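Student: I am new to this structure and would like a close look at a single part of it. Could you walk me through one spot?

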Amino acid sequence: GDRAHLASKGIETVHHLPGVGQNLMDHFQVLFVYVSPDFQVSVPSPVTISFLRSPYAGPLCADNDIEIAWGLLPGERLVGYVVQVCSSFRGRAELRSSDPTQALNITLGVDTASLLPLAWGIQMVRTWLKNNGTEIRPGAAIPQGASIDQFVSYASATAQGWYHYGGTNKIGQDSDPYAVLDDRFRV
């Protein structure tokens, strides 16, 4: 790991690799809930999943960057998540102490620009379901006719990590000081 970080925790460095824990990727998600008598079921429905490419997909996203997963629940509810499956944000996972049983300090590293695809996905759900029930969530938190910036603000306040981490060890050339693995997956 990083020599300075390890030393601050009283851990001797075996091999200085400053990129360890510095490339955390997660999938952010925002919950949506609608109710309608049209959504009557006696048992939960199977989950339906769709993948989309938002107009805000970054250069790291070769294909779709948004997943919309939803199902019907008893109580006339349609519940689902807009999930950002490809994003440009990078967080980090760092030690809190030298105790290996203590949880890591996780920083997700999200900024406004990286939430644009998620905000767009929330807009799409609202557009598709506007005549199919009462919107409970996001509901009044995002006024009708809201701008993309208002959707971004909502996503920023309510999005949660899926804890579906994509890894923290960057793969790259020997010349990249933050690469932990080379292009042949060697440390």
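Student: Does C86 count as buried or exposed, and at what relative accessibility?

Tutor: Happy to help! This is a predicted model, where local features need pLDDT of at least 70 and side-chain atom pairs count only at pLDDT 80 or more, while totals for chains, interfaces and linings use all residues. Residues are numbered from 1 along each chain as its sequence is written, and side-chain values use heavy atoms, with hydrogens and water left out.

C86 counts as buried, at 17% relative accessibility; buried means under 20% relative accessible area, exposed over 50%, and partly exposed in between, with a 1.4 Å probe and protein chains only. Its partner is C61: the two form a disulfide, with their sulfur atoms 2.1 Å apart. A disulfide here is a pair of cysteine sulfur atoms within 2.5 Å, and a search of the whole structure finds 1. C61 is buried too, with a relative accessible area of 5%.

Where do the two cysteines sit? C61 lies in the loop between strand 2 (48-52) and strand 3 (66-73), and C86 in the loop between strand 4 (77-84) and strand 5 (92-94). The pair is 25 residues apart and links distant parts of the chain. Strands are DSSP runs (E, at least two residues), numbered from the N terminus. The link of C61 and C86 is left-handed, with -105° about the S-S bond.

As for confidence, the chain averages a pLDDT of 89, and 97% of the residues score at least 70; pLDDT is the predictor's confidence in each residue, from 0 to 100.

Methods:
Helices (H or I, at least four residues) and strands (E, at least two) are DSSP runs, numbered from the N terminus.
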